[in-house]
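Trainee: Could you take me closely through one part of this model? I should then like to see how that part sits in the rest of the chain.

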Amino acid sequence: MTDHSLRSVTVERTGPGSFHATNARGGTIVFGGSALDEGTEFTPVELLLAALGGCTAVDVDVATARHSEPTGFTVTVTGHKVSDELGNRMTDLELVFAVTFPDGEAGDRARAILPRAVKVSHDKLCTVSRSVEIGTPVTAKVT
């Protein structure tokens with residue numbers, strides 16, 4: 001592993017059940033601890049779903065927008081949060097793409113490559129879904 005491959009975020013508690021993450025470029029995102037809370041912040045599970053959808057969306061957008069700018073682009077990501085003998089986890093994760101392009105030759109080309117772009121992102125390119133599917137180990141430690 002090299003410094004070039006390293007990615008990191010820092011998560012800080014900002015109040016009871018409230019956190020923000022900061023990336024190396026200074027970007028931040030606020031999130032909360034539970035979907036049962038009254039706040040509108042994303043929960044960590046919702047951030048995982050957003051990361052799955054966002055990662056593949058970026059790949060698909062790059063591939064299709066070369067041919068035609070989409071007139072609509074939505075990815076809906078769902079999954080079930082379960083608690084069983086393996087602990088808390090997400091199951092049945094699914095990404096559903098609803099992408100439309102304008103009529104014409106360019107739109108036809110983009111529509112034609114859309115299924116392959118989704119498949120290639122899922123099977124090879126999207127670091128987030130690849131890490132989840134492969135089952136990348138996570139280490140937690142206290143310093």
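**The hairpin and its surroundings**

Mentor: Four residues lie between strands S2 and S3 in their hairpin, and there Gly26 takes a positive phi near 95 degrees. Strands here are DSSP runs of E with at least two residues, helices are runs of H or I with at least four, and both are numbered from the N terminus. The model is a predicted one, in which local features need pLDDT of at least 70 and side-chain atom pairs count only at pLDDT 80 or more, whereas totals for chains, interfaces and linings use all residues. Residues are numbered from 1 along each chain as its sequence is written, and side-chain values use heavy atoms, with hydrogens and water left out.

The two arms of the hairpin run antiparallel, and five bridges join S2, residues 18-23, to S3. Two strands count as paired if DSSP finds at least two bridges between them. Ser18 stands opposite Gly32 of S3, and Phe19 has Phe31 of S3 as its bridge partner. As a general rule, side chains in a regular strand alternate between the two faces of the sheet.

The hairpin belongs to an open sheet of three strands, in the order S1-S2-S3 with antiparallel pairing. S1 (9-15) and S3 (28-32) are the edge strands; each has a single partner, so one side of each is left without a neighbour in the sheet. From one strand to the next the twist averages 25 degrees, an angle between N-to-C directions on a scale from 0 to 180 degrees, with axes fitted as lines to C-alpha atoms.

Both strands of the hairpin also reach the largest pocket: S2, S3, helix H1 (44-65) and helix H3 (127-134) each supply at least two residues of its lining. This pocket holds about 1200 Å³ of space. A pocket is an open set of points on a 1 Å grid over the protein atoms alone, where a 1.4 Å probe fits and protein lies on both sides within 12 Å along at least five of seven lines; lining residues have an atom within 4 Å of a point. Its volume is the space filled by probe spheres set on the points, which are joined across faces, edges and corners. Of the 25 lining residues, Arg7, Ser8, Val9, Ala51 and Val128 are the closest to the centre of the largest pocket. H1 contributes the most to this lining, with six residues. By class the largest pocket is lined by 15 nonpolar, eight polar and two charged residues, where Ala, Val, Leu, Ile, Met, Phe, Trp, Tyr, Cys and Pro count as nonpolar, Asp, Glu, Lys and Arg as charged, and the others, Gly among them, as polar.

H1 leads on to the second largest pocket, of about 230 Å³. Two or more lining residues of this second pocket come from each of H1, strand S5 (87-100), helix H2 (105-125) and H3. S5 gives the most, with four residues. The lining of the second pocket comprises six nonpolar, three polar and two charged residues; among them are Leu52, Thr56, Leu95, Phe97 and Ser129.

Thr56, in H1, is buried at a relative accessible area of 3%; buried means under 20%, exposed over 50% and partly exposed in between, with a 1.4 Å probe and protein chains only. Beyond residues up to four places away in sequence, Thr56 touches Leu95, Phe97, Ser121, Cys126 and Ser129, a contact being heavy atoms within 4.5 Å. The C-alpha atoms of Thr56 and Leu125 are 7.9 Å apart, although 69 residues separate the two along the chain. Thr91, in S5, is also buried, with a relative accessible area of 16%. Its contacts outside four places in sequence are Gly79, His80 and Val82.

For the chain as a whole, three helices and five strands follow the pattern β-β-β-α-β-β-α-α. Of its 143 residues, 20% are buried, and 42% of the contacts with a separation of 6 or more join residues 24 or more positions apart. Along the principal axes, the C-alpha atoms fill a box of roughly 55 × 40 × 35 Å.
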